[in-house]
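Good morning, everyone, and thank you for making room for me today. I would like to walk through one structure with you, a few places at a time, so please have it open while I talk.

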Amino acid sequence: MAAEALATMPLLTPYQLGKYNLSHRVVMAPLTRQRSYGYVPQPHAILYYSQRASNGGLLIAEATGISDTAQGYPDTPGIWTKEHVEAWKPIVDAVHAKGGVFFCQLWHVGRVSNEELQPNGQAPISSSDKALTIIPTPETVFGLSHYSRPRRLKTEEIPQIVNDFRLAAKNAIEAGFDGVEIHGGYGYILEQFMKDQVNDRTDQYGGSIENRCRLTLEVVEAIAKEIGPEKVGIRLTPFAQNMECADSNPQALGQYLAESLNKYNILYLHMVESFTGEGSLVPLRKAFKGTFLVNGGYDKEAGNKAITENRADLVVYGRSFLANPDLPKRFKLNAPLNDYDRKTFYIPDPVLGYTDYPFLE
């Protein structure tokens, strides 16, 4: 009976993700860790990621800056210089040595930054000049004192952002990653353009839902052309209101994006659940033709149910994967999970709360 139960756990069934044969459907979420000193990935990340890699398991790397204007958190990794590419290579190699599939999440924070983290002490850039009113704390970001008023990008500057994403994707493939995930959520630059409570532009990047989504789709198209659509995913959070980034009609925004993405034939869409109960991923799942990933506080039971009910192809786990490097194995054996320690999420320590979570014996 036990063997039978193991064989039928939906999360542990194989899945064909494009050309990748996944042995299970438990995906590691992109998790900001703030341990890449000076924006350069460090050797301690080799152990961190390889601990969490499994044969045929998909890992999504922590959000990785695409340019020197993209950074909003101290000591997060970049992928815009040759030094960054070379630093990522042994990390990627270690994941591949364990049979893992590894995607790099490409990130530009937009206004979620301040002049201390920007080149030449300039203002952060965004769709708008609206400033964030929240104050960062060590619980949300380590070592940041405030957010600065951003500078509204001029229309003619926007192609540079698209090009920065394209070059970062090219660099990720050069570093050995299997593909990239475009970060289109959580109140960062692409969402600052997409959501009408931040975007107050009057050019072709503002106003209608089509205009507000234009930058995101231009980024998708540029990256798909550069590295191939079969290596491209995107993460979207239409129902979230992170970093004071909300929309008056998130369901319509999500629906428009899910339908529009089909024309680029990208590999996957990674969606975060609504935590308020407003809005549903089900119509977006039906609209999008590629692989559909869901994320948002799932435990094992909820993940199995999402697969069984065909609401998702793959289920993405964040905090539980952070605290349980052998999470798929624990699911398989129905073993108890380690508790995560939120106080150590963003500290710069190379071991504590990073590579010291215990494995099952």
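Let me begin with a question: which kind of contact do the side chains of Lys343 and Asp341 meet in? They meet in a salt bridge, with 3.6 Å from N to O, and I should say at once that this is a predicted model, so please keep that in mind for everything that follows. Lys343 counts as exposed because its relative accessible area is 61%, whereas Asp341, at 29% relative accessibility, counts as partly exposed.

As general background, side chains of opposite charge can pair when their charged atoms come close. In this model the count of such salt bridges comes to 16, and I will take you to two others.

The side chains of Asp203 and Arg201 meet in a salt bridge at 2.8 Å, N to O, and here both residues are buried.

Glu86, in turn, forms a salt bridge with Lys82, and the closest N and O atoms of that pair are 3.4 Å apart. If you follow the chain, you will find both Glu86 and Lys82 in helix H3, which covers residues 82–97, and they sit four residues apart, about one turn of the helix. Glu86 has a relative accessible area of 37%, so Glu86 is described as partly exposed, while Lys82, with 52%, is described as exposed. This pair also belongs to a network of salt bridges that links Lys82, Glu86, Lys89 and Glu174.

Now let us turn to helices. In general, two packed helices are described by the angle between their axes and the distance between the axes. For helix H4, residues 158–174, and helix H7, residues 214–227, the axes come within 9 Å and cross at roughly 35°, and H4 passes H7 in a right-handed crossing. On the H4 side the contact involves Ile158, Val162, Phe165, Arg166, Ala169, Lys170 and Ile173, and these meet Leu215, Glu218, Val219, Ala222, Ile223, Glu226 and Ile227 in H7. Sorted by class, the contact of H4 with H7 has ten nonpolar residues, four charged residues and no polar ones.

One of the H4 residues in that list, Ile173, also appears among the residues that touch Gly179, together with Phe102, Phe103, Cys104 and Lys231, if we leave out residues up to four places away in sequence. Is Gly179 buried or exposed? Gly179 is buried, because its relative accessible area is 0%, and you will find Gly179 in strand S9, residues 179–184.

My last two stops are in loops. Ser145 lies in the loop between strand S7 (125–126) and strand S8 (151–152), and Ser145 counts as partly exposed because its relative accessibility is 42%. The side chain of Ser145 makes a polar contact with the side chain of His146 at 2.7 Å, and, leaving out residues up to four places away in sequence, Ser145 touches Asn114, Glu116, Ile135 and Pro136.

Gln42, finally, lies in the loop between strand S3 (26–28) and helix H2 (44–52). The side chain of Gln42 reaches the backbone oxygen of Val40 at 2.9 Å, and, with residues up to four places away in sequence again left out, Gln42 touches Arg35, Ser36, Tyr37 and Ile91.

Thank you for listening, and I am happy to go back to any of these places.

Conventions: Residues numbered from 1 in each chain as written. Predicted model: local features only at pLDDT ≥ 70, side-chain atom pairs only at ≥ 80, totals over all residues. Heavy atoms only, no water. Polar contact = N/O pair within 3.5 Å; in protein donor to acceptor, adjacent residues only side chain to side chain. Contact = heavy atoms within 4.5 Å. Axes fitted to C-alpha atoms, helices over the stretch in contact; angles between N-to-C directions. Left-handed = near helix turned anticlockwise from the far one by under 90°. Nonpolar A, V, L, I, M, F, W, Y, C, P; charged D, E, K, R; others polar. Buried < 20%, exposed > 50% of the residue type's maximum accessible area, 1.4 Å probe, protein only. Salt bridge = Lys/Arg side-chain N within 4 Å of Asp/Glu carboxyl O.
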